[in-house]
Amino acid sequence: MAPNGQGRKGDTLLEITNLQIQGRSERQWHDIVKGVDLTLRRGEILGLIGESGAGKSTLGLAAMGYTKGGCRISGGSVRFDGIELIGAPAETRRKLRGARIAYVAQSAAAAFNPAYKLIDQYCEGPVRHGILPRKKAEADAVQLYREMRLPDPEDIGFRYPHQVSGGQLQRAMTAMAMSCRPDLIIFDEPTTALDVTTQIEVLAAIRAIVRDHQTAAIYITHDLAVVAQMADRIKVLLRGEEVEEADTRQMLAAPREDYTRSLWAVRDFRRDPLPEVPQGDTPLLTIRGVSASYGAVPVLDDIDLSIHRGRTVAVVGESGSGKSTTARVIMGLLPPGKGRIEFDGTALAPTSRARPRSLQRRMQMIHQSADTALNPRHRIREVIGRPLEFFCGLRGRAKEDRIRELLSQIELEPDQFIDRLPSELSGGQKQRVCIARALAAEPDFIICDEVTSALDQLVAEGILRLLDRLQREMGLTYLFITHDLATVRSIADEVVVMLRGKIVEQGPKDEIFAPPHHDYTALLLSSVPEMDPDWLDRRLAERGGAIDLGAGN
Amino acid sequence: MQEGYAGMNPILATIMKRLMTGLLTLLIVTGIIFAAVELLPGDIATETLGQSATPETLAALRAELHLDDPAIVRYGRWLGGALQGDFGMSLANKRPTSDLIAARAMNTFFLAGYAAAIAVPLAVGLGLLAALYRNSAFDRLISGSTLAAISFPEYFVAYILILVFSVHLGWFPSLANVEPGAAFGHRLYVTFLPAVTLTLIVMAHMMRMTRAAIINLLALPYIEMARLKGMKHWRVIAVHALPNALAPIINVVALNLAYLIVGVVLVEVVFVYPGLGQLLVDSVAKRDFPVVQAACLIFAATYILLNLAADVLSVISNPRLLHPR
Amino acid sequence: MTFTTNRRSLLLGVGAVGAAASLGLWGRPALAQSAPSKGGTCRIAIADFNSAETLDPQVNESRFMTVLQYQLRNSLVELGPGGVLVPELATEWNGNDDSTIWTFKLREGVEFHNGKTLTADDVVWSLNLHRGEASISMVKSLMEQVIDVKATAPLEVTVTLAGPNAGFPALMSLFNVLIVQAEDANLDAGIGTGGYVLEHYEPGVGSKVTRHPNYWKEGRAHFDAVELLAIADVNARTTALQTGQIDAMNAVDSTTADLLKAMPNISLLQTQGKVHYAFSMNCAEAPFTDPDVRMAMKLAIDRQEMLDKILNGYGSIANDQPISSAYLYHNTELEQHVYDPDKARALFKKAGMEGATVPLHVADSPFTGATNMAQLYAAQAEKAGITIEVKREPEDGYWSNIWGKKPMFATRWSGRATEDLMLSLAYSKESIGDWNESSWDNAAFNTALVAARGEKDEAKRKALYWECQSLISTDGGMVAPIWADFLNATSDKVMHDEIANDWDLDGGRCSERWWFSA
């Protein structure tokens with residue numbers, strides 16, 4: 001099947017000039033994209049990079065002549081293969097979508113319709129756009145599934161989305177985007193939700209298929225290392241405006257703008273190393289031989305773990321490895337099937353209800369999603385005030401003073417923030433409030449469950465620095481759960497690597513990150529993208545094309 | 001997941017579980033109804049003889065009907081019979097309860113089914129259209145008019161329909177007094193106005209739920225994906241959104257079908273339709289416990305079965321439950 | 001003289017007298033101008049019915065069952081317009097000198113629907129249904145005076161009474177006292193000697209009957225078939241009549257009667273009957289033991305306003321006694337009580353009741369509008385300085401818990417076949433604690449009532465019954481302000497002779513008396 005467009009590689013495919021997009025909130029129109037220019041040639045891949053709120057996705061969708069609900073294009077021009085999309089009839093734009101410009105969304109699990117089999121959703125485009133009859137589209141799907149290196153390409157299409165793993169879904173979605181052999185695909189953070197070991201395979205598959213079919217692409221991401229592997233050129237956006245644009249290698253080697261440089265520098269945060277734990281020091285928390293299960297499904301298998309006072313232990317692993325379950329068992333939210341947990345020398349009851357309040361107070365937890373962890377109707381005063389009343393019995397003036405003190409500690413100006421609602425805070429500010437809430441109980445031990453995963457890198461770094469400072473000032477002990485190895489490098493003293501409910505390796509950070517590694521740790525470490533455009537090629541070459549290694553999940 | 005059910009089909013497991021709780025519910029219902037009828041002042045003897053009751057006639061009637069036995073004995077006797085499928089005789093007219101109720105119950109179900117056959121497709125269809133053209137004049141028109149229809153009392157809607165279609169236009173009869181053995185077509189004709197009345201009463205709720213359920217989905221990524229695949233607007237709504245909105249729609253449909261059964265009682269007086277309602281009212285007034293009990297059991301069982309059907313359909317409409325990993 | 005000519009001349013005679021008086025009262029003086037024509041299916045909608053009723057005449061109460069039973073079965077005696085007794089299954093009856101033994105001669109060759117011929121045994125069995133320990137009959141108390149029923153010839157039945165009763169034959173016209181087959185084990189099959197044969201009866205829904213080809217009564221049962229429809233809702237009845245789905249209905253709503261009257265092709269049949277709406281006081285309980293209080297209550301009610309507002313004028317003013325002009329011996333010279341607040345106030349004060357409150361218990365069970373009537377009464381009595389506190393009671397169980405139990409309550413009487421039945425039932429000493437709802441015990445009345453029962457002289461009986469009415473009106477415990485007319489409606493093609501006034505729908509016998517215009 002020939003590509004839709006008739007042009008040759010190198011011709012201009014997409015030309016966006018002075019594009020302006022507005023979004024409506026609080027009954028007012030705000031600028032989201034403020035006069036961006038963009039040119040894309042056939043077969044070229046452009047990386048769009050920036051923090052959340054930069055307008056990357058909005059710009060990507062605008063390339064399809066599409067805006068999300070509550071947004072409008074207020075000016076500029078989008079020409080696709082000579083067709084002006086702004087102001088074009090809806091029907092003209094509809095016919096282009098899917099057929100000549102396709103879209104790959106961030107979460108394939110959410111973007112596949114749960115009610116239909118994969119192949120039905122694959123065939124819908126070609127059949128409805130009148131490109132292929134159903135039978136041929138099915139055969140084509142199998143072909144593309146194979147190209148995307150999906151297991152069982154003959155049969156996988158006949159599964160429902162929930163029966164397929166995240167990484168496979170993301171590849172199936174890329175195959176679906178290719179179904180009409182479009183001239184352009186918009187990839188909107190396609191690997192952000194994936195584990196690193198899965199990400200590398202998806203990246204390889206996407207890159208291969210786009211190159212093989214000479215499809216142009218706009219690749220949107222916040223991850224520089226990822227975009228370095230994928231893009232020919234990179235454009236950096238900040239609050240709806242272009243910061244700079246350059247060829248990938250040039251951009252990586254010599255970013256012109258300060259903002260770009262600051263993005264590049266995010267991963268440099270390293271905590272000062274702590275002195276060795278003295279011999280004979282009793283750990284604050286000890287876990288011995290703990291196993292747990294959800295119903296009949298085993299999730300933790302014989303976990304041993306100890307955490308010394310004032311230290312940070314990072315637990316890393318892919319989703320499903322049992323990281324968060326470990327946290328739940330420690331907090332008494334999931335009673336272990338067997339094993340023993342000791343805190344400060346005393347054995348902990350299996351459920352939090354059975355533990356004395358004084359013990360509950362000393363162990364706190366901060367969650368990944370600050371959005372759902374905060375009651376949207378409670379003001380900050382109330383959010384922080386509740387644990388103060390519950391655990392410390394503070395009332396009135398004393399409580400108010402303590403709230404203000406805590407806000408100062410998390411670097412939020414008390415007068416400005418104390419009466420705000422969560423909806424009036426940014427993501428990083430919300431996470432800070434969650435930290436303050438945990439601190440209100442005056443704990444010794446805090447579990448941080450992916451606390452920076454949902455945040456932009458600059459913001460995440462701020463949170464990490466804050467946690468580090470608090471640890472030093474108060475002697476806190478952290479159990480840090482994350483899938484991000486960069487975070488581990490920044491903040492951990494000790495590292496625990498988990499895989500399928502078991503601990504495969506644990507020890508001081510420097511030992512874990514230095515060879516020799518356990519096989520899995522090696523895979524994990526080697527899967528983290530690096531800021532080197534040749535990283536992916538090198539890794540693939542090392543693995544000898546054994547791309548499906550460990551990807552079956 | 002599957003180990004727990006020991007290979008049992010999840011739909012079958014759901015059905016079994018619900019049927020068991022349903023039967024238990026029915027048992028409790030019989031106890032409550034019996035107690036309630038007992039608590040009402042007077043008994044079948046005083047209510048049958050009414051103004052002309054004398055101590056002698058009362059005693060004679062009570063002896064004839066075994067009302068002198070303790071309440072628990074009478075309940076036990078009834079329950080024993082009911083468990084063997086014998087719902088006893090009407091105390092008032094000594095006809096078998098099953099004979100008395102069967103024809104009326106069928107009539108009630110017929111009319112409810114008729115109304116449902118009109119109302120459900122119409123409500124879901126209009127709900128889809130309203131979602132498709134949301135915030136348009138069309139949307140506001142049908143939302144407004146269906147709301148207006150439920151704001152009026154049932155009998156008012158019925159009278160308006162009678163006035164227009166019976167009295168002025170003469171298209172349909174105002175009496176829906178179907179005779180036993182009437183032809184199906186004739187039944188449909190004479191019960192048309194009550195069916196339309198019921199339709200108007202239950203439609204708004206289902207229509208608005210359909211609309212809301214669809215609109216709730218419209219912001220979801222897979223709906224946006226369907227648009228970005230260049231699918232037509234109606235296809236996005238009907239093919240991509242509707243199947244995923246089925247669970248809430250099925251639930252509200254089940255709720256309304258249950259209401260329809262009760263709704264028949266409300267319109268049967270106006271249209272003189274021989275359903276269960278009048279029988280139930282008379283039987284309560286006469287303290288005719290076996291008939292009250294049987295009629296209430298039919299209502300309760302219908303409600304339980306409708307909910308069961310809704311649950312099963314919800315499972316079937318959800319691939320996650322139908323095709324576990 | 002054959003019965004037919006006898007009955008016809010009698011009907012015409014009474015009709016001629018009655019017509020002048022009642023021309024304005026009936027919607028249309030649709031008297032027989034030519035011989036009735038046969039044929040057609042008459043559909044009649046009836047408001048008063050109950051899903052629980054069977055064809056066992058012992059416990060029939062509703063209008064629906066009266067009409068249905070009169071289609072299927074006959075009585076010994078028929079009650080004609082004006083309360084005249086007409087021979088039905090009994091061709092003649094005679095009492096002995098002191099009216100304690102009554103002999104009924106039965107009609108020859110009367111056939112039941114199953115072909116069996118009527119004999120004295122059938123009549124004996126039918127009458128005995130209402131007697132004895134095990135009887136659940138609604139007229140059981142009335143039949144207690146009977147000490148023996150015997151077949152004295154193949155077509156003769158002799159009834160022996162415990163005491164004299166010159167009015168006993170009228171008892172044989174009650175709609176519960178129907179003649180069925182002896183030893184009929186399945187009364188629900190509807191076998192009788194009536195003009196129509198049962199096709200089907202579904203309690204609370206409707207019934208259908210077809211003409212009995214061998215009906216003995218000539219000039220009756222003109223329709224090929226009659227369908228009864230149980231329709232509780234007055235709008236549904238009205239619409240059905242308006243759209244031609246039924247031919248006749250009872251219980252027209254008095255508030256919409258004017259509209260119905262104005263409709264083309266529809267006739268309103270207004271009949272003054274024996275129905276009275278009333279409030280009863282318990283004369284054995286303070287403060288109603290004092291006759292002055294009772295009279296004060298009677299003078300504190302504005303009868304005209306009640307007639308206008310409760311019945312929309314479709315009735316007439318009553319005088320606190322139950323014998324209406326529909327009875328033979330209606331007292332036409334009784335002084336009419338009128339609304340007199342001043343006098344009422346004075347009487348109330350004289351009884352030492354000044355400032356007292358009278359509770360009045362009411363629900364709409366006795367008649368629609370009872371609650372409104374009570375509130376209206378309270379407002380009227382207020383002007384006489386009498387405070388009536390209206391207590392609303394639940395409709396369900398009203399007859400068991402309120403009626404006859406509270407000191408003052410709403411009531412309704414539909415009347416009885418004769419003066420004796422009405423007065424014995426509701427006012428006699430014997431009936432206290434039973435049907436004598438006001439527990440009124442008046443020696444002069446009790447003497448007069450018993451005397452009238454045994455009195456064979458017409459003029460003397462009349463005098464005695466007039467005295468009874470006077471005593472009830474002045475001394476009794478009932479405040480009866482209005483007579484409610486029967487309001488029926490038919491399509492214009494329904495024809496009839498003079499309408500009987502004991503019950504509505506032509507005394508319940510419309511099915512055999514009415515016909516369609518040719």
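Of the 325 residues in chain B, 50% are buried, a figure that, like every other value here, comes from a predicted model. Chain B contains 14 helices and 0 strands, so that reading along its sequence gives the pattern α-α-α-α-α-α-α-α-α-α-α-α-α-α. Along its principal axes, the C-alpha trace of this chain spans about 85 × 65 × 35 Å.

How much of the contact pattern in chain B, counted at a separation of 6 or more, comes from residues 24 or more positions apart? Such residues account for 74% of those contacts. Turning to the surface, chain B exposes about 14,700 Å², and carbon and sulfur atoms supply 71% of that area. The chain carries 21 positive and 18 negative charges, and the mean positions of the two groups are 18 Å apart.

The next topic is the arrangement of the chains. There are 2 pairs of chains in contact, and of these, chains B and C share the most contacts. Chain A and chain C, by contrast, do not touch, their nearest C-alpha atoms being 48 Å apart.

Aromatic side chains offer another route through the model, with 24 aromatic pairs over all chains. A pair of aromatic rings is described by the distance of the centres and the angle of the planes. In chain C, the rings of C:Phe223 and C:Phe516 have their centres 4.8 Å apart and their planes at 65 degrees, and because planes over 60 degrees apart count as edge-to-face, the pair is assigned to that class. This pair links distant parts of the chain, since its members are 293 residues apart: C:Phe223 belongs to the loop between strand S9 (206-211) and strand S10 (225-230), whereas C:Phe516 is in strand S21 (residues 515-516). Are these two rings buried or exposed? C:Phe223 has a relative accessible area of 1% and is therefore buried, the cut-off being under 20%; C:Phe516, with a relative accessible area of 9%, is buried as well.

Within chain B, one aromatic cluster is formed by B:Phe110, B:Tyr114 and B:Phe184. Rings also meet positively charged side chains in this model, as the following two examples show. In chain A, A:Arg357 lies over the face of A:Phe390, at 3.9 Å from the ring centre. In chain C, C:Lys274 lies over the face of C:Tyr327, and there the distance from the ring centre is 4.2 Å.

Notes: Residues are numbered from 1 along each chain as its sequence is written. Chains are lettered from A and ligands numbered from 1 in the order in which they are written. This is a predicted model: local features need pLDDT of at least 70, side-chain atom pairs count only at pLDDT 80 or more; totals for chains, interfaces and linings use all residues. Side-chain values use heavy atoms; hydrogens and water are left out. Helices (H or I, at least four residues) and strands (E, at least two) are DSSP runs, numbered from the N terminus. Buried means under 20% relative accessible area, exposed over 50%, partly exposed in between (1.4 Å probe, protein chains only). Contact means heavy atoms within 4.5 Å. Accessible areas come from the Shrake-Rupley method with a 1.4 Å probe; for residues, only the protein chains shown count as cover. Lys and Arg count as positive and Asp and Glu as negative; His and the chain ends are not counted. The place of a charge is taken as NZ of Lys, CZ of Arg, CG of Asp or CD of Glu. Rings of Phe, Tyr and Trp (its six-membered ring) pair if their centres lie within 6.5 Å; planes under 30 degrees apart count as stacked, over 60 as edge-to-face and the rest as tilted. A charge sits over a ring if NZ of Lys or CZ of Arg is within 6 Å of the ring centre and within 35 degrees of the ring normal.
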